[in-house]
Amino acid sequence: MKVLGIETSCDDTGVALYDTERGLRAHALHSQTEVHRAYGGVVPELASRDHIRRVLPLVRRVLAQAECALCDLDAIAYTAGPGLAGALLVGASIACGLARALQIPAIGVHHLEGHLLSPMLASPRPQFPFVALLVSGGHTQLIEVAAVGHYRLLGETLDDAAGEAFDKTAKLLGLGYPGGPALARLAEGGTSGRFRLPRPMLASGDLNFSFSGLKTAALLLARAQGNDEGARADIARAFEEAVVEVLVEKSTQAVLATGHGQLVVAGGVGANRRLREVLNQRAREAGFRVFYPPVELCTDNGAMIAYAGAMHRAQAMPASGYRYTVFPRWDLALPGPEATRSRRRTARSTARH
Ligand code: KG4
Ligand code: ZN
């Protein structure tokens, strides 16, 4: 079965072709970094317009690379949410229009489902069930994945996502957009241990996160250091170490608590080198396995959407029809009772202090 995947939820246009018999046949990506750089962040209207220009040429390129004709396709998957409404509508309308013309199923996929299944495109691949750490610009979640379509939220950030904290901290350190990779590069040259930033919620007793205070602590530290250029790299290093320690600790707790013995890391922050190093070390000590998508599939891409769409078809999950709706906000997994209780507890304790 050959499934075309189209991703347009934010600032990357991704198209790919996944074949259930032969694996990933082709994938192509257009990054809008240059479109948004001057504004220091993603401008939704410009994102939508650029997706409109890029999707069809990318579809042609992917089909040519895969030596596949439109009429060979068995289904078309697209990101139906969460993301920017206008950007999502571009992918949804093109996918549903093409699918209707070809009389094949159109499949609306949850963007995070794409991310958390993306390590299946690497080798070796995890076996169900596993725990997924989703760390992107908009989400930081620990999810128990029992099978395709069976997701349980174990914990999540109460405020900023890890990628968002990377981006905001990069901005306050005077780094350009996109901030996460730039901050990681600056941190490489920083001295470990010169500064120490807090490890938010490390001992909260649940699997939730909080990163907005860490960003503020980095801001105060940067202000206190004034114009000391050398201090920027050391602050970046301290920030990265704090985020990585919290992500590694909570992920380890989640894997040990579920007893699944496998952790999948997905989303843009999963490309972070220090996170991978520290996590791999901890996994060796604690006796579990960690799986990552191929590095180029950590950030947004069409391959993960094509793969998720193919899995929906393989499980005989219903297609979406040609009348599309997009979901800018959309929960992938309903929280389990423990997560809900602990979130309420945290909210109460935040209100008290
Ligand atoms: O998954 P993704 O491409 O888009 C979303 O769905 O959000 O993730 C983008 C996020 C951005 O916040 C970006 O700064 C962060 O991933 N990121 C990184 C690195 N590469 C991307 N953060 C830290 N270190 C990196 N190497
Ligand atoms: Zn993403």
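Which residues are the protein donors of the zinc ion (ligand 2)? They are H111 (NE2), H115 (NE2) and D300 (OD), lying 2.0 to 2.1 Å from the ion; donors here are N, O and S atoms within 2.8 Å of the metal (3.2 Å for Na, K and Ca), and water is not among the atoms, so sites may look incomplete. This is a predicted model, in which local features need pLDDT of at least 70 and side-chain atom pairs count only at pLDDT 80 or more, while totals for chains, interfaces and linings use all residues. Residues are numbered from 1 along each chain as its sequence is written, chains are lettered from A and ligands numbered from 1 in the order in which they are written, and side-chain values use heavy atoms, with hydrogens and water left out.

**Zinc site**

- Along the sequence, the zinc donors follow the spacing H-x3-H-x184-D.
- H115 in helix 4 and D300 in the loop between strand 10 (289-291) and helix 10 (303-314) are 185 residues apart, so this pair links distant parts of the chain; helices (H or I, at least four residues) and strands (E, at least two) are DSSP runs, numbered from the N terminus.
- H115 is buried because its relative accessible area is 1%, and D300 counts as buried at 14%; buried means under 20% relative accessible area, exposed over 50% and partly exposed in between (1.4 Å probe, protein chains only).

**Around ligand 1**

- The shell around ligand 1 draws on both domain 1 (2-116 + 298-351) and domain 2 (127-292), so the ligand lies between them; the domain bounds come from an automatic or database domain assignment.
- Helix 4 (111-117), helix 5 (162-172) and helix 6 (179-188) each give this shell at least two residues.
- N272 has a polar side-chain atom 3.0 Å from a nitrogen atom of ligand 1, and a polar backbone atom of G268 is 3.0 Å from an oxygen atom of the ligand; a polar contact is a pair of N or O atoms within 3.5 Å.
- A backbone N or O atom of G163 lies 3.2 Å from a ligand 1 oxygen atom.
- Of the 560 Å² of accessible area that ligand 1 has on its own, the protein covers 85% (Shrake-Rupley method, 1.4 Å probe).

**Backbone details worth a look**

- The G81 to P82 peptide bond is cis, with omega near -15°, and P82 sits in the loop between strand 4 (75-81) and helix 3 (85-102).
- A cis peptide bond also runs from F128 to P129, with omega near -5°.
- E67, a residue other than glycine, has a positive phi near 50° and counts as exposed at 75% relative accessibility.

Note on methods:
A polar contact is a pair of N or O atoms within 3.5 Å; within protein, one must be able to donate a hydrogen and the other to accept it, and residues adjacent in sequence count only if both atoms are side-chain atoms.
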